[in-house]
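Reader: I want to see how each label is earned. Take me from value to cut-off to verdict.

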Amino acid sequence: MRLSTLASLDDLLGTIDMLCIPASKEMLDVLHTEVLSLLIPAETLPPVSELLANKKNNTLLFYGQYKGTRIKVLIACECEKLKESNIYSICKKLAIRAKNENSIRTGLMVHHLSSTDIVQSAFAGWTAGQYDLGLYKNGEDENGRKSTSSVHSFIPHGFTQFAENGITIGLVQHEVMTLVNVPASHKSPAALGRWAENSASDYNYKVNVINKEQLLKLGMHALLAVNRGSEYEAHCVVTHYQHPEATRKIVLIGKGVIFDTGGVSIKTSKNMHYMKSDMAGAAAALGTVEACARLGLKVNVMAIAPLTDNSIDNTSIKPGDVISSYLGKSIEVIDTDAEGRLILADALAYAVKEYKPDVMIDMATLTGSIVASLGPQAAGLFTNNDSLAAELSAAGNISGERVWRMPMYDEYQDDMQSDIADIKNLSEKPYAGATTAAKFLEYFTSDHPAWAHLDIAGMAFQANGFGKSYCATAYGVRLLVKWISQN
Ligand code: BES
Ligand code: ZN
Ligand code: ZN
């Protein structure tokens, strides 16, 4: 997407066929007198009270005209006040709706927004909303044109850099969404490795793709155990962006299960197609490093993505098997569908030993249990570090990519004790599945003092407007970019 900035509202209105306005109840009066009255003749201009009452799905669509040219006006007004936490999703919705209205030259009105951070998030949402989910659709859409359209904005003086940063974040999200939306037929650990290599060369950061042979030498036995039934060799991708002025080292770790069939503990087929999204943690971690590099943030940040699919084959691991791990601990695999924690166990232990991070955060579509607890409203946050919890909660509330802290009581660790190995991968109790998963991960962090785990199973893949069904959200990128920029 190219951002075209125009010098004034007058220029903007003269260029576009549709104007999208993120609004709030408190600003409707001003909007009415300063913008709508320019576009809609006084006789047909509805009063503000009607604007508030007559809306469907919190959006209003008008036909107006400017200097003889017809212009559609789309207003989203769903909140009392526009804030950083809601402007992203409002602008994303506007962009999606504008696309569905077949607008060719769409404008976003931002000059009424009050802070640089709000402008940045507005453009991130506006850009994210331009995403085209029809990755494998042939030819043109039913309206006989490609869904690309031009987008314009009049950006007030001093806000341009923030608008551009927002666009960059939105573009990184496009890439993350595509990585996740691509089906298992079109992705593999090696393909994700190639994506990381291309990104690193485009944006000037470091990458190392560890192949299966090297994983064996390193002793990543848990990752290799999950990979046993797969037609594709496991990989582990490590990316690294370092700003010269950065002090602390942040390591992000992302679950990269290319497709999760459950393995021999096979899943039921209902909604199994969603399991192409089981690498969303890896995509978000890799995307965050790309975002930091593109934004030039003063940070030293790495992403580690253990990658494999969880397939079913005569060579697959079986329930009851005992496997080894990078840390040297033995694991009894009660359920082969609890595979994410196995590959993360190796990645976490490897991160601690190899890179000695100051802070370590993993993101994983880890449990159905967190979806049952929090639904699509927040990721589960698990950490023993109160200040890290507070920082991540604040970043979540500001960005709108929320997290909700869950308990990590020691008693839950008892549920992971195995009779025949050092630990088992499943609590056989019918409760607290997201927490017992987190306790399993904790075991492999060697009690790292600043580790947090984000269970993003309810956040990564949702009904979010791009189509009729669920699709990727790129959850995590904006949360972590916000956390990194603030701390
Ligand atoms: N990838 C799934 C978790 C998941 C569920 C992600 C729903 C996204 C949406 C994970 O590997 C898994 O299968 N977890 C099991 C764990 C169980 C066997 C302990 C689950 O949650 O059912
Ligand atoms: Zn699973
Ligand atoms: Zn999984």
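Author: Start with the cut-offs: buried means under 20% relative accessible area, exposed means over 50%, and partly exposed lies in between. One caution: this is a predicted model.

Reader: What makes Asn181 buried or exposed?

Author: Asn181 has a relative accessible area of 5%. The cut-off for buried is under 20%. Therefore Asn181 counts as buried.

Reader: Where does Asn181 lie, and which residues is Asn181 in contact with, leaving aside its neighbours within four places in sequence?

Author: Asn181 lies in helix α6, residues 160-181. Beyond four places in sequence, its contacts are Tyr131, Leu133, Leu135, Lys276, Phe461, Cys471 and Ala472. Ala472 also meets the Asn181 side chain through its backbone nitrogen, 2.9 Å from a polar atom there. The limit for a polar contact is 3.5 Å.

Reader: Why does Ala191 count as partly exposed?

Author: Its relative accessibility is 24%. Partly exposed runs between the 20% and 50% cut-offs, so Ala191 takes that label. Ala191 belongs to helix α7, residues 189-203. Its C-alpha is 25 Å from that of Thr367, with the two positions 176 residues apart in sequence.

Reader: What makes Lys356 and Asp447 exposed?

Author: The cut-off is over 50%. Lys356 has a relative accessible area of 62%, so Lys356 is exposed. Asp447 stands at 63%, so Asp447 is exposed. Lys356 sits in the loop between α11 (340-355) and β14 (359-364). Asp447 sits in the loop between α15 and β18 (451-455).

Reader: What is notable about phi in Lys356 and in Asp447?

Author: Phi of Lys356 is positive, near 40°. Phi of Asp447 is positive too, about 50°. Neither Lys356 nor Asp447 is a glycine.

Reader: Why remark on a positive phi?

Author: Because most residues other than glycine have a negative phi.

Reader: How do you know that helix α15 is largely enclosed by the rest of the structure?

Author: Count the buried residues. Helix α15 spans residues 433-443, and nine of its 11 residues are buried, so the helix is largely enclosed. The buried ones are Ala434, Thr435, Thr436, Ala437, Ala438, Lys439, Phe440, Leu441 and Glu442.

Reader: Which side chain makes a polar contact with the side chain of Glu442?

Author: That of Asn384, at 2.6 Å. The limit is 3.5 Å. Asn384 is in the loop between β15 (379-383) and α13 (386-399). Leaving aside neighbours within four places, Asn384 is in contact with Arg405, Met408, Glu442 and Trp451. C-alpha to C-alpha, Asn384 is 9.4 Å from His448, although 64 residues apart in sequence.

Reader: Why is Asn384 called partly exposed?

Author: Its relative accessibility is 49%. Exposed needs over 50%, so Asn384 counts as partly exposed.

Reader: Turn to the ligand. How many residues surround ligand 1, and which are closest?

Author: 15 residues surround ligand 1. The closest are Asp260, Lys267, Asp278, Asp337 and Gly368. By class, the shell has eight charged, four nonpolar and three polar residues.

Reader: Which polar atoms lie within 3.5 Å of a nitrogen atom of ligand 1?

Author: Among them is a polar side-chain atom of Asp278, 2.9 Å from a ligand nitrogen. A backbone N or O atom of Thr365 lies 3.4 Å from a nitrogen of ligand 1. A polar backbone atom of Leu366 is also 3.4 Å from a nitrogen of the ligand. The protein buries 77% of the 520 Å² that ligand 1 exposes when taken alone.

Reader: How do you know that the chain agrees with a compact globule?

Author: Compare the radius of gyration with the expected one. A compact globule of 487 residues would have a value near 23 Å; the chain has 24 Å, so the two agree. The C-alpha atoms fill a box of roughly 80 × 45 × 45 Å along the principal axes.

Reader: What share of the residues of the chain counts as buried?

Author: 58% of the 487 residues. The chain exposes about 20000 Å², with 49% of that supplied by carbon and sulfur atoms.

Reader: How many helices and strands are there in the chain?

Author: There are 16 helices and 20 strands. Of the contacts with a separation of 6 or more, 77% join residues 24 or more positions apart.

Notes. Residues are numbered from 1 along each chain as its sequence is written. Chains are lettered from A and ligands numbered from 1 in the order in which they are written. This is a predicted model: local features need pLDDT of at least 70, side-chain atom pairs count only at pLDDT 80 or more; totals for chains, interfaces and linings use all residues. Side-chain values use heavy atoms; hydrogens and water are left out. A residue is near a molecule or strand if one of its heavy atoms lies within 4 Å of it. A polar contact is a pair of N or O atoms within 3.5 Å; within protein, one must be able to donate a hydrogen and the other to accept it, and residues adjacent in sequence count only if both atoms are side-chain atoms. Accessible areas come from the Shrake-Rupley method with a 1.4 Å probe; for residues, only the protein chains shown count as cover. Ala, Val, Leu, Ile, Met, Phe, Trp, Tyr, Cys and Pro count as nonpolar, Asp, Glu, Lys and Arg as charged, and the others, Gly among them, as polar. Helices (H or I, at least four residues) and strands (E, at least two) are DSSP runs, numbered from the N terminus. The radius of gyration is taken over C-alpha atoms; the globule rule is 2.2 Å times the number of residues to the power 0.38. Buried means under 20% relative accessible area, exposed over 50%, partly exposed in between (1.4 Å probe, protein chains only). Contact means heavy atoms within 4.5 Å.
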